[in-house]
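Thanks for coming. I'll take a few minutes on one model, going from a loop to the helices and then to a pocket.

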Amino acid sequence: GFGPDVGRAEQRNAEAALVSAEATRNRRATELVRDTLTAYAELWYSEQAVVINGSARDLAQRQVDDAQGRLEVGVLSPADTLAFATRVASLEEVLALSEADRRTKAILLATLLGMPLGTEIHATGDPPALPFEVADAEAVALAVEGSPQLAELRAQVEMARRAARVAT
């Protein structure tokens, strides 16, 4: 009485393996999209940090120039101008660190996009937003329903059930 179960076991296992492979492919594609969007947003924020830190350094440099002018007139002491110069040096270090961080994030994004090494990449416009708005309960339902990880696990469970049915 196990003729069809045993006779078609290979076919059913192959079909279940196909479903599992498709679920794995979908999971990896989803992970790549997620990682790429995250890398883009991080690059965008990093580029904004470079702009902000550059502006802060420029402002501090203008303050140093102003302090030098006041020193020449005799309104400020040399010790007072040292504080402004120290601030410029500190902000130049912060700017250098933020530029290095931006380069690192640009390399990560270029790698995720499959671009050759050395490709200069920048985040333009605004950071990406979610393509739709959902409530918490809806988000959970959508995640469970459309989760590639759960689809992959369901396919693996089905393959195990079929293998157990054939084994018995």
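Helices here are DSSP runs of H or I with at least four residues, numbered from the N terminus. With that convention, Gly125 sits in the loop between H3 and helix H4, the latter being residues 136-146. The model is a predicted one, so please hear what follows in that light.

Let me stay with Gly125. Is this residue buried or exposed? Gly125 has a relative accessible area of 53%, and the cut-off for exposed is over 50%, so Gly125 counts as exposed. Leaving out residues up to four places away in sequence, Gly125 touches Tyr40 and Trp44. Trp44 is 81 residues from Gly125 along the chain, and their C-alpha atoms are separated by 8.4 Å.

Trp44 comes up again in the ring search. Over the whole structure, that search finds one aromatic pair. The pair is Trp44 with Tyr45: ring centres 5.0 Å apart and planes at 85°, so it is edge-to-face, given that over 60 degrees is the cut-off for that class. As for accessibility, Trp44 counts as buried at 15%, while Tyr45 counts as exposed at 52%.

Next, Arg27, which is placed in helix H2, residues 9-73. Its relative accessible area is 15%, and because buried means under 20%, Arg27 is buried. What does Arg27 touch, not counting residues up to four places away in sequence? The contacts are Pro148, Gln149 and Glu152.

Now H3, residues 78-112. How far should its 35 residues span at 1.5 Å a residue? The expected figure is 51 Å, and the end C-alpha atoms lie 52 Å apart, which agrees. The buried residues of H3 include Val88, Leu91, Leu95, Ser98 and Arg102. An α-helix has 3.6 residues a turn, so residues three or four places apart point the same way. H2 is among the elements that cover the buried residues of H3. After H3 comes Gly114, with a positive phi near 80°.

Last, the second largest pocket. Its space is about 160 Å³. The lining consists of 13 residues, and those nearest the centre of the pocket are Arg103, Ala106, Ile107, Gly118 and Thr119. One of these, Ala106, is also on the list of buried H3 residues. Sorted by class, the lining of this pocket has seven nonpolar, three polar and three charged residues.

That is what I have; questions are welcome.

Key. Residues are numbered from 1 along each chain as its sequence is written. This is a predicted model: local features need pLDDT of at least 70, side-chain atom pairs count only at pLDDT 80 or more; totals for chains, interfaces and linings use all residues. Side-chain values use heavy atoms; hydrogens and water are left out. Helices (H or I, at least four residues) and strands (E, at least two) are DSSP runs, numbered from the N terminus. Buried means under 20% relative accessible area, exposed over 50%, partly exposed in between (1.4 Å probe, protein chains only). Contact means heavy atoms within 4.5 Å. The expected span of a helix is 1.5 Å times one less than its number of residues. On a 1 Å grid over the protein atoms alone, a cavity is a set of points where a 1.4 Å probe fits but cannot get out, and a pocket is an open set with protein on both sides within 12 Å along at least five of seven lines; lining residues have an atom within 4 Å of a point. Grid points are joined across faces, edges and corners, and a volume is the space filled by probe spheres set on the points. Ala, Val, Leu, Ile, Met, Phe, Trp, Tyr, Cys and Pro count as nonpolar, Asp, Glu, Lys and Arg as charged, and the others, Gly among them, as polar. Rings of Phe, Tyr and Trp (its six-membered ring) pair if their centres lie within 6.5 Å; planes under 30 degrees apart count as stacked, over 60 as edge-to-face and the rest as tilted.
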